[in-house]
Amino acid sequence: MKKKLKYILIILSILIICTVLIILDSYINIDISHYEIKSNKINQKYNNYKIMLLTDLHNRDITKKLLRIVNEENPNLIVMSGDMINEKVDGFDNFFNLCEKIKDKTIYYVFGNHEENMSNEKQTEFITKLKEKTNVILLNNDKIELDDNFTIYGFSHQVKYYLASTKEKIDSRYIEEKIGKIDKNKFNLLISHDPLLYNLYNEYGFDVVLSGHMHGGIINIPFIGGLLSPDFTFFPKYYKGINKIGNTNIVISRGLGYGYMIPIRVLNRGEVVIINLMKNE
């Protein structure tokens, strides 16, 4: 009996150690994922144009790691697709420190649910500090035309639309009210925290959407996929990687930080995404 108990304790100890190591790996390490997107709409000027996608930092203090990746990858553009801060836990210091360290880069930023969830007073303070302390360009429901054939849009919606329980739904008219119509003959790239509107993005005519929010399914189950989305939907269909919906490429980063409600990652490292735009010959 004692021998049997000893074996059971050894097995339990090994399982506990393995679980701890798996969680630590997801906590410490950051993956760099590369995707190539080709289009005949891309001009030669933007052939091999490198975009770095950062999202869901939640104000984690990983500036040194991210700075090393930025220096190694040397992107033409950095996109931040929301939830870079966590207003309910630890403020903004780490986020602003990161922005200061990479201020030589062009950076476009679109709010996610955490930024939108701030009080009006706190949000005004945050935006003021963003303008005064950084060179980050806030692109909430706005656009920038890089050339005659390449436009970048930023779309951000109210917090209530992130909830699975909401009875109100976003349609294409809502998007049009926020960012206007787009010219489908041009190459149109959208930055939006929320990837769950993928059918609308395709219907609207975006070529590429850069997003986050899904946290890689939080817990990744081998051979099955991500367990849970932030709106508490189990086994979401789209939760990471590059996904082709109609004519739209939706890139979903696993993000860099931890959610407020479920502050863990398992078999799910933080991720920096690199997108190379290529002219389709």
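Is F223 buried or exposed? F223 counts as exposed, because its relative accessibility is 91%. The model described here is predicted. This briefing covers an open sheet of six strands, a pair of helices that cross at roughly 25°, and several individual residues.

**The six-stranded sheet**

- The sheet is open, and its strands follow the order 6-7-8-9-13-12 with mixed pairing.
- Strand 6 (142-147) and strand 12 (241-245) form the edges, each of them pairing on one side only.
- On average, neighbouring strands of this sheet are turned by 20° against each other, direction ignored.
- Strands of a sheet pair through backbone hydrogen bonds, in either a parallel or an antiparallel manner.
- Strand 9 (residues 208-211) and strand 13 (residues 248-252) run parallel and are joined by four bridges.
- Helix 6 (residues 172-179) lies across strand 6 and strand 7 (150-155), and its direction is at about 110° to strand 7.

**S211 within the sheet**

- S211 is a residue of strand 9, and its bridge partner in strand 13 is I252.
- S211 counts as buried because its relative accessibility is 0%, and buried means under 20%.
- Leaving aside residues up to four places away in sequence, S211 touches L53, T55, S81, S192, H193, D194, P195, I250, V251, I252 and S253.

**The pair formed by helix 3 and helix 5**

- The axes of helix 3 (residues 93-101) and helix 5 (residues 120-133) come within 11 Å and cross at roughly 25°.
- Angles under 35 degrees count as roughly parallel, and helix 3 and helix 5 are therefore roughly parallel to each other.
- The crossing of these two helices, helix 3 and helix 5, is right-handed.
- Helix 3 contributes D93, F95, F96 and E100 to the contact, while helix 5 contributes F126, K129, L130 and K133.
- Sorted by class, the contact of helix 3 with helix 5 consists of four nonpolar and four charged residues, with no polar residues.

**Residues with positive phi**

- Most residues other than glycine have a negative phi.
- D56 has a phi near 50°, a positive value in a residue other than glycine.
- D56 is located in the loop between strand 2 (49-54) and helix 2 (63-73).
- With a relative accessible area of 0%, D56 is buried.
- F223 is likewise not a glycine, and its phi is positive at about 70°.
- The loop that holds F223 lies between strand 10 (220-221) and strand 11 (225-226).
- As stated at the outset, F223 is exposed, with 91% relative accessibility.

Terms used
Residues are numbered from 1 along each chain as its sequence is written. This is a predicted model: local features need pLDDT of at least 70, side-chain atom pairs count only at pLDDT 80 or more; totals for chains, interfaces and linings use all residues. Side-chain values use heavy atoms; hydrogens and water are left out. Two strands pair if DSSP finds at least two bridges between them. Axes are lines fitted to C-alpha atoms, for helices over the stretch in contact, and angles run from 0 to 180 degrees between N-to-C directions. Contact means heavy atoms within 4.5 Å. Angles under 35 degrees count as roughly parallel, over 145 as roughly antiparallel, 65 to 115 as roughly perpendicular and the rest as oblique. A crossing is left-handed if the near helix is turned anticlockwise from the far one by less than a right angle, and right-handed if clockwise. Ala, Val, Leu, Ile, Met, Phe, Trp, Tyr, Cys and Pro count as nonpolar, Asp, Glu, Lys and Arg as charged, and the others, Gly among them, as polar. Buried means under 20% relative accessible area, exposed over 50%, partly exposed in between (1.4 Å probe, protein chains only).
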